[in-house]
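I sat down with this structure to look up how its sheet, helices and cores fit together. These are my notes, in the order I took them.

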Amino acid sequence: MRILIINGPNLNLLGTREPEVYGTDTYADLETFLRAEAKELNIDITIRQSNYEGAILDLMHHAASERYEGIILNAAAYSHYSYAIRDGIKAISIPVVNVHLTDPASRPEAFRHTDVIKPVCVATIKGKGFVGYVDALRLLTKEVIR
Ligand code: DQA
């Protein structure tokens, strides 16, 4: 089972970025955690991060030819307004699970209360920190990919 995990803009700064919101665990900690959990679940994962919308689209477009069976996407701020990423998810045949570390809907900024990619993803997992990605892995392997 091959799953592609894509993290969007500013997630590379986890650890120092707004620690009162995102905590002090670093992006490297997230990768280490996910590799250990995936090994436990016997899932082959690739983790990528980009601050560029087009690069995120390229990763999604190439996922099928690279034999990925599911995508876990934290599109970060792009989730709130990127119709390009929304269209990109619709354009591919691979299921995409939408993950957010925080629960954007309960944060004060109004722009976070809209998630334009949510309707085209098979599920949204939010507010569970790093564990949300593991929930997404379990969901993709047990429920979506048969
Ligand atoms: C985020 C939530 C977004 O609102 C924000 O722009 C991010 C991270 C999260 O994982 O909680 O960059 O996607």
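**Entry 1: the middle of the sheet**

I began with strand β3 (residues 70-74), which pairs with β4 in the parallel sense over 3 bridges. The model is a predicted one, and I read the entries below with that in mind. For the register between these two strands I looked up two positions: Ile72 has Val97 of β4 as its bridge partner, and Leu73 stands opposite Asn98 in β4. I then followed the chain from β3 to β4; it passes through helix α4 (residues 83-91), and this β-α-β crossover is right-handed.

On its other side I checked β1, which pairs with β3 in the parallel sense over 5 bridges. Here Ile5 has Ile72 of β3 as its bridge partner.

Is β3 mostly covered or mostly open? I found it mostly covered, with 5 of its 5 residues buried. I went through the two faces separately. Gly70, Ile72 and Asn74 lie on one side, Ile71 and Leu73 on the other, and all of them are buried.

**Entry 2: the whole sheet and its edge**

Next I wrote down the strand order. The sheet is open, has 5 strands with parallel pairing, and runs β2-β1-β3-β4-β5. The edge strands are β2 (44-49) and β5; each has a single partner strand, so one side of each is left without a neighbour in the sheet. I also noted the twist: neighbouring strands are turned by 20° against each other on average, direction ignored.

I looked at the β5 edge in more detail. Strand β4 (residues 96-100) pairs with β5 in the parallel sense over 4 bridges, and His100 stands opposite Lys126 in β5. Which side chains of β5 (residues 123-126) are buried? I found that they alternate: Ala123 and Ile125 point to one face and are buried, whereas Thr124 and Lys126 point to the other and are not.

**Entry 3: a helix across the sheet, and the cores**

I turned to helix α5 (residues 131-144). It lies across β1 (2-7), β2, β3, β4 and β5, and runs at about 155° to β3.

I then looked up the nonpolar cores. In soluble globular proteins, nonpolar side chains tend to be buried together. Which residues touch the most other members of the largest core? Among its 26 residues, these are Ile45 and Ile72. The elements that give two or more residues to this core are β1, α2 (27-41), β2, β4, β5 and α5. The largest share, 6 residues, comes from α5.

I listed the contacts of Ile72, leaving out residues up to four places away in sequence. Ile72 touches Ile3, Leu4, Ile5, Ile6, Val97, Val99, Tyr133, Ala136, Leu137 and Leu140. There is also a second, separate core of 21 residues, which includes Ile56, Met60, Ile71 and Val96.

**Entry 4: a helix pair**

Two packed helices are described by the angle between their axes and the distance between the axes. For helix α3 (residues 53-63) and α4 I noted an angle of about 5° and axes 10 Å apart. The two helices α3 and α4 are therefore roughly parallel to each other; the cut-off for that term is an angle under 35 degrees. On the α3 side the contact is made by Glu53, Ile56, Leu57 and Met60, and on the α4 side by Ala84, Ile85, Gly88 and Ile89.

**Entry 5: three loop residues**

Is Leu14 buried or exposed? Leu14 lies in the loop between β1 and α1 (19-22). With a relative accessible area of 4%, Leu14 is buried, since buried means under 20%. Not counting residues up to four places away in sequence, Leu14 touches Tyr22, Asp25, Thr26, Tyr27, Leu30, Leu101 and Phe130. I also noted that Leu14 and Ala28 are 14 residues apart in sequence and 8.5 Å apart in space, C-alpha to C-alpha.

I looked up two residues for their backbone angle. Glu18 is not a glycine, yet has a positive phi of about 35°. Glu18 is found in the loop between β1 and α1 and, at 33% relative accessibility, counts as partly exposed. Ala76, also not a glycine, has a positive phi of about 50°. Ala76 is found in the loop between β3 and α4 and counts as buried at 11% relative accessibility.

Key: Residues numbered from 1 in each chain as written. Predicted model: local features only at pLDDT ≥ 70, side-chain atom pairs only at ≥ 80, totals over all residues. Heavy atoms only, no water. Buried < 20%, exposed > 50% of the residue type's maximum accessible area, 1.4 Å probe, protein only. Pairing = 2+ DSSP bridges. Axes fitted to C-alpha atoms, helices over the stretch in contact; angles between N-to-C directions. Contact = heavy atoms within 4.5 Å. Right-handed = clockwise from strand over helix to strand, strands pointing away. Core = buried A, V, L, I, M, F, W, Y, C linked by side-chain atoms within 4.5 Å. Parallel < 35°, antiparallel > 145°, perpendicular 65-115°, else oblique.
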